[in-house]
Amino acid sequence: MHGYDSTSYGDGFADVYDDWYADVTDVDATVDRILDLAGPSGRVLELGVGTGRLAIPMAAAGLQVIGIDSSPAMLTKLDERRGTHGPVVTTVCGDMVDQLPDGPFDTCLVAYNTIFNLLDVDTQRRCFSEVASRLRPGGCFVVEAIVPDDEAPKGHDVSVRSMSVDRVVLSVSDHDPAEQRTSGQFVEFTESGGVRLRPWSIRWATPAELDEMAAAAGFHVERRDADMAGARFDDHADHHVTVYRLGRADDTH
């Protein structure tokens, strides 16, 4: 998408993200999973922390959370959501590959397709390497993502996301299987505000491709589930939560 960069998504969605995506994953199950992996007061890095949908509950559970996001608008919403007396979440405004904060961290989390916001395979590979360099020995990288539909056809799609008496939101997308890219716009028409465009773009990868990137960075697959609550992953799953452990599978931790 011409003109799209690392801040476009956050700037386009910060004001509606908490309303539109509040139920996109199980927050309680995510907190429990990260607590189990990092320990009761573990140090956790979240990539693409956004409005703090996960970071604030993780910090409230006792974890030391550092979140990075390239969108100042998203981080402003996080501060508003946390409030003056909320749990401490340390934030970094920056790129989640080249500007990661110093470790060591016990666990790193990249939730709900955020890894796919890195729009080329080389950058996705570097993300795994940069995360590995900031984890303690034996630390974990938790990746939550869709399982791409290999039968989705190339081309455009237009559908209605929502409609009310004073607002219509259309979803317009373009899918390119050869490039493993899908881009789109939510086009919002309101009676009082005119037209608002909310762009998004992803470069998706299969679980096997992510596994190869992880292995090249020194990780192995410790477990893969269909969701954060631990549902069994199988050939019919459309999402996966993969725990990558730093080191060889036969290492003792």
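**Exercise 1. Determine in which sense strand 1 and strand 2 pair, and place them in their sheet.**

Solution. Strand 1 (residues 43–47) and strand 2 (residues 64–69) run parallel and are joined over five bridges. Strands pair if DSSP finds at least two bridges between them. Helices (H or I, at least four residues) and strands (E, at least two) are DSSP runs, numbered from the N terminus. In this pairing Leu45 stands opposite Ile66 in strand 2.

The next step is the sheet. The open sheet of seven strands has the order 3-2-1-4-5-11-10, and its pairing is mixed. Strand 3 (89–93) and strand 10 (219–225) are the edge strands, as each pairs on one side only. From one strand to the next, the twist averages 20°. In general, strands of a sheet pair through backbone hydrogen bonds, either parallel or antiparallel.

A note on the source: this is a predicted model, where local features need pLDDT of at least 70 and side-chain atom pairs count only at pLDDT 80 or more, while totals for chains, interfaces and linings use all residues. Residues are numbered from 1 along each chain as its sequence is written, and side-chain values use heavy atoms, with hydrogens and water left out.

**Exercise 2. Find which strands helix 5 touches and which of its residues are buried.**

Solution. Helix 5 (residues 72–82) packs on the sheet, where it touches strand 2 and strand 3. Contact means heavy atoms within 4.5 Å. The direction of helix 5 makes about 165° with that of strand 3. Axes are lines fitted to C-alpha atoms, for helices over the stretch in contact, and angles run from 0 to 180 degrees between N-to-C directions.

Met74, Leu75 and Leu78 are the buried residues of helix 5. Buried means under 20% relative accessible area, exposed over 50%, and partly exposed in between (1.4 Å probe, protein chains only). These buried residues cover an arc of only 95° around the axis, so they lie on the same side of helix 5. The arc is that of the directions from the helix axis to the C-beta atoms. An α-helix has 3.6 residues a turn, so residues three or four places apart point the same way.

Packing partners of the buried residues of helix 5 are helix 1, helix 2 (17–20), helix 4 (55–60), strand 2 and strand 3. Just after helix 5, Gly83 has a positive phi of about 75°.

**Exercise 3. Count the aromatic pairs and classify the pair Phe13 and Phe186.**

Solution. The whole structure holds 12 aromatic pairs. Rings of Phe, Tyr and Trp (its six-membered ring) pair if their centres lie within 6.5 Å; planes under 30 degrees apart count as stacked, over 60 as edge-to-face and the rest as tilted. For Phe13 and Phe186 the centres are 5.8 Å apart and the planes at 80°, so the pair is edge-to-face.

Phe13 lies in helix 1 (residues 8–13) and Phe186 in strand 8 (residues 181–190), so the pair ties together parts that are 173 residues apart in sequence. Phe13 counts as buried at 0% relative accessibility, and Phe186 at 11%. Both belong to one aromatic cluster, formed by Tyr9, Phe13, Tyr17, Trp20, Tyr21 and Phe186.

**Exercise 4. State which rings the charged end of Arg161 sits over.**

Solution. A charge sits over a ring if NZ of Lys or CZ of Arg is within 6 Å of the ring centre and within 35 degrees of the ring normal. The charged end of Arg161 sits over the ring of Trp20, 4.2 Å from its centre. That charged end also sits over the ring of Phe186, 5.8 Å from its centre.
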